[in-house]
Amino acid sequence: PAYFRPTEVDLLIGDPTKAKKKLGWEATTSLNELINEMMNSDLKLMMKEQFLLKNGFKTFNSFEE
C-alpha cells in the first residue's frame, strides 16, 4: 500500500505516427538494438558496482530512497 500509485496504468503503447506526420521524425534504432543498448548499459553499471565493492568502496542503490 505504501508504494501504490493510483494513476498507474497497466499497459503503455507508443505510437510514433504524430511525430512522423508533424515533425518528419522516424526511428533509426530497431527494438532489438534498443534492448541491446539498454542491457549493455545495465551490465556495465553492474560491473562498475562490483569493482567498487570488491575494492572496499561503498555503493548506493540509485533505485532506493
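Where is the place of methionine 38? Keep that in mind while you get your bearings; we'll come back to methionine 38 shortly.

**The whole chain**

Before you click on anything, remember that you're looking at a predicted model. Show the entire chain as a cartoon: you should find two helices and zero strands. Now zoom out and turn it around. Along its principal axes, the C-alpha atoms fill a box of roughly 55 × 35 × 20 Å. The radius of gyration is 19 Å, whereas a compact globule of 65 residues would come out near 11 Å.

Next, switch on the surface. The accessible area adds up to about 7200 Å², and carbon and sulfur atoms account for 60% of that. How much of the chain is buried? Buried residues make up 0% of the 65 residues.

Try colouring by charge, too. The chain carries 9 positive and 10 negative charges, and the mean positions of the two sets sit 6 Å apart.

**Stop one: the salt bridge**

Select lysine 20 and glutamate 26 and show their side chains. These two form a salt bridge, with 3.8 Å between the closest N and O atoms. The structure holds one salt bridge, so there's no second one to hunt for, given the cut-off of 4 Å between side-chain nitrogen and carboxyl oxygen. Lysine 20 itself is partly exposed, at a relative accessible area of 46%.

**Stop two: helix α2**

Now select residues 31-54, which is helix α2. Here's the answer to the opening question: methionine 38 has its place in helix α2.

Leucine 34 lies in this helix as well. Is leucine 34 buried, exposed or something in between? Leucine 34 counts as partly exposed because its relative accessible area is 39%, and that class runs between 20% and 50%. For a sense of distance, draw a line from the C-alpha atom of leucine 34 to that of aspartate 15: they are 19 residues apart along the chain and separated by 16 Å.

**Stop three: a nonpolar patch**

Stay here and select Leu31, Leu34, Ile35, Met38 and Met39. Together they make a nonpolar surface patch of about 490 Å².

**Last stop: leucine 52**

Move along to leucine 52, which also has its place in helix α2. Leucine 52 is partly exposed, with a relative accessible area of 26%. Finish by drawing a line back to methionine 38: the two C-alpha atoms are 21 Å apart, with these positions 14 residues apart along the chain.

Note on methods. Residues numbered from 1 in each chain as written. Predicted model: local features only at pLDDT ≥ 70, side-chain atom pairs only at ≥ 80, totals over all residues. Heavy atoms only, no water. Helix = DSSP H or I, 4+ residues; strand = E, 2+ residues; numbered from the N terminus. Rg over C-alpha atoms; globule rule 2.2 N^0.38 Å. Buried < 20%, exposed > 50% of the residue type's maximum accessible area, 1.4 Å probe, protein only. Areas by Shrake-Rupley, 256 points an atom, 1.4 Å probe, with all protein chains shown as cover. Lys, Arg positive; Asp, Glu negative; His and termini not counted. Charge placed at Lys NZ, Arg CZ, Asp CG, Glu CD. Patch = residues over 30% accessible without salt bridge, like charges linked within 9 Å, V, L, I, M, F, W, Y side chains within 5 Å.
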